[in-house]
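Here's a look at one model, with the metal site and its surroundings in focus. Have the structure open as you read.

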Amino acid sequence: MDKTGSAHINGGRLWDSIQELGRIGTDPNGGVTRLSLSNEELIARQFIIRLMEDAGLAVRQDEAGNLIGRLEGERQGEGAIATGSHIDTVIHAGLFDGALGVLGGIEALRTIKEQGIKHDSPLEVICFTDEEGVRFGAGYLGSRAMAGAWKRNWLELADSAGTTLREAMKYADLNPHQAARARRSRDAVKAYVELHIEQGRVLEELGEAVGIASAIYGHCWLEVSIRGRADHAGTTPMKLRQDPLAAAAAALLAIEQIAIQQGGVATIGTLNLAPGAINVIPGEVVFTIDMRHEASEPLRQMELAITAALERSAEARGLTTSIRAIDGAQPVQASKRIVEAIASSCASVGLTDTYMVCGAGHDAVAMNELTDIGLILIRSRDGISHHPLEWSSPDDCEAGANVLLNTLIRLANDRSN
Ligand code: HGY
Ligand code: MN
Ligand code: MN
């Protein structure tokens, strides 16, 4: 601890670990792809285990595959103050999404151990299984399992190659039928604070390195199928077509307007045509919608209005549509006591307390079902994320990890909770 009573991590060591993890799963044309439980992610897990062990943490893997590094506190039997995030990525991702929270958490606990910093409560850093949900279609799998929200039917979810989550878990030496045993009690985890890149433009526009999330958006993921009739592209007159892509196109523009009107966001991230040939009118269109809002009711209104727009557009062309809810979570509020601890930590390292609502989802959303949560965000260059150009500076990574470090120390010695 320095003379102001604040502690500081080893910024160079943190930056090196981010770069080293970023070399696992690199894409030939730049970026990183480490889908959940893929070979690349399993290799990255071994790197995380080694780093946790080098930091002097007691390391275990729970039944959902979450890696947990733990430092015992001075008081026995206390609930842990936890931090963490994920190392699985989207496709062609950057180096920082999730990685900063896992590596920043390991660096914070390593600093506490190295410097012999007092902490009454035990401290944990958790590397959660499958936060992104990109491979199987449902996210927060590890954090939901820990929070007691594991769903057995997730095991049947399959990736684009047809491999189910059940098979992927077995491949990773996990017993898919025991995942629900990862559930922990409220007594076991007293608080969860996550460090993450902002993935947006707010902090950069404010000129601030670190932000404090007051709330995190909720999300609703739908899979939509519109079926028409495949036909010859040359001989089928326009008025005789039953073209599902035309119906989808009309609906997509309505979806954009609904999101704007509700003050939320909506994204069509995947779209597939069948049979998918240049000279065949598609018989079926399947696409996904990711809609989000900071408040529950407008999120619900978006889902209702978008569903109605899809059905109207299909019916107007005599087509059929089916809509399947594939994932979702309600917006969450950060805990007041944790926000205050983060704000005091910002002040102790010379940073202003900048508050914001976070549009990206995080394991903190799932952990909010188990305990009080907080979220520390750092600036993203040009707000770019889920992209090879995602980047945050070494200084901002260090600043965010210092705020995390001092927040964990505060919460671990706070006798009032
Ligand atoms: O989709 C998200 O907001 C996060 O990256 N899982
Ligand atoms: Mn992400
Ligand atoms: Mn993330």
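## Ground rules

Two residues count as being in contact when they have heavy atoms within 4.5 Å of each other. Keep in mind, too, that this is a predicted model.

## The two manganese ions

Let's start with the metals. The manganese ion (ligand 3) is held by three residues, His 86 (NE2), Asp 97 (OD) and His 196 (NE2), at 2.1 to 2.3 Å. Along the chain, those donors follow the pattern H-x10-D-x98-H. His 86 sits in strand S3 (residues 80-86), while Asp 97 is in the loop between S3 and helix H3 (99-114), so this pair ties together parts 11 residues apart in sequence.

What does the manganese ion (ligand 2) use as protein donors? Here they are Asp 97 (OD), Glu 132 (OE) and His 386 (NE2), at 2.0 to 2.2 Å from the ion, with the spacing D-x34-E-x253-H. Asp 97 coordinates both manganese ions, which are 3.5 Å apart. The pair of Asp 97 and Glu 132 links distant parts of the chain, 35 residues apart: Asp 97 comes from the loop between S3 and H3, and Glu 132 from the loop between strand S4 (123-128) and helix H4 (141-146).

## How buried are the donors?

Take three of these donors in turn. His 86 is buried, with a relative accessible area of 0%. Asp 97 is buried as well, at 6%, and so is Glu 132, at 9%.

## Around ligand 1

Which residues are around ligand 1? You'll find Glu 131, Glu 132, Arg 292, Ala 360, Gly 361 and His 386 there. Two of these names also turn up as donors of the manganese ion (ligand 2), namely Glu 132 and His 386.

Now for the polar atoms. A nitrogen atom of ligand 1 lies 2.9 Å from a polar side-chain atom of Glu 131. For Glu 132, a side-chain N or O atom is 3.1 Å from a nitrogen atom of the ligand. Gly 361 uses its backbone instead: one of its polar backbone atoms is 2.8 Å from an oxygen atom of ligand 1.

## A buried acid without a partner

Asp 363, in helix H10 (residues 363-367), is worth a click. This residue is buried yet has no salt bridge. Which side chain of opposite charge is nearest to Asp 363? That would be Arg 144, 8.3 Å away, whereas a salt bridge needs the charged atoms within 4 Å.

Leaving aside residues up to four places away in sequence, Asp 363 touches Ser 85, His 86, Phe 128, Glu 131, Tyr 140, Ser 143, Tyr 192 and Glu 194. Among them, His 86 is a donor of the manganese ion (ligand 3), and Glu 131 is one of the residues around ligand 1.

How values were computed:
Residues numbered from 1 in each chain as written. Chains lettered and ligands numbered in written order. Predicted model: local features only at pLDDT ≥ 70, side-chain atom pairs only at ≥ 80, totals over all residues. Heavy atoms only, no water. Donors = N, O, S within 2.8 Å, 3.2 Å for Na, K, Ca; no water. Helix = DSSP H or I, 4+ residues; strand = E, 2+ residues; numbered from the N terminus. Buried < 20%, exposed > 50% of the residue type's maximum accessible area, 1.4 Å probe, protein only. Lys, Arg positive; Asp, Glu negative; His and termini not counted. Near = heavy atom within 4 Å. Polar contact = N/O pair within 3.5 Å; in protein donor to acceptor, adjacent residues only side chain to side chain.
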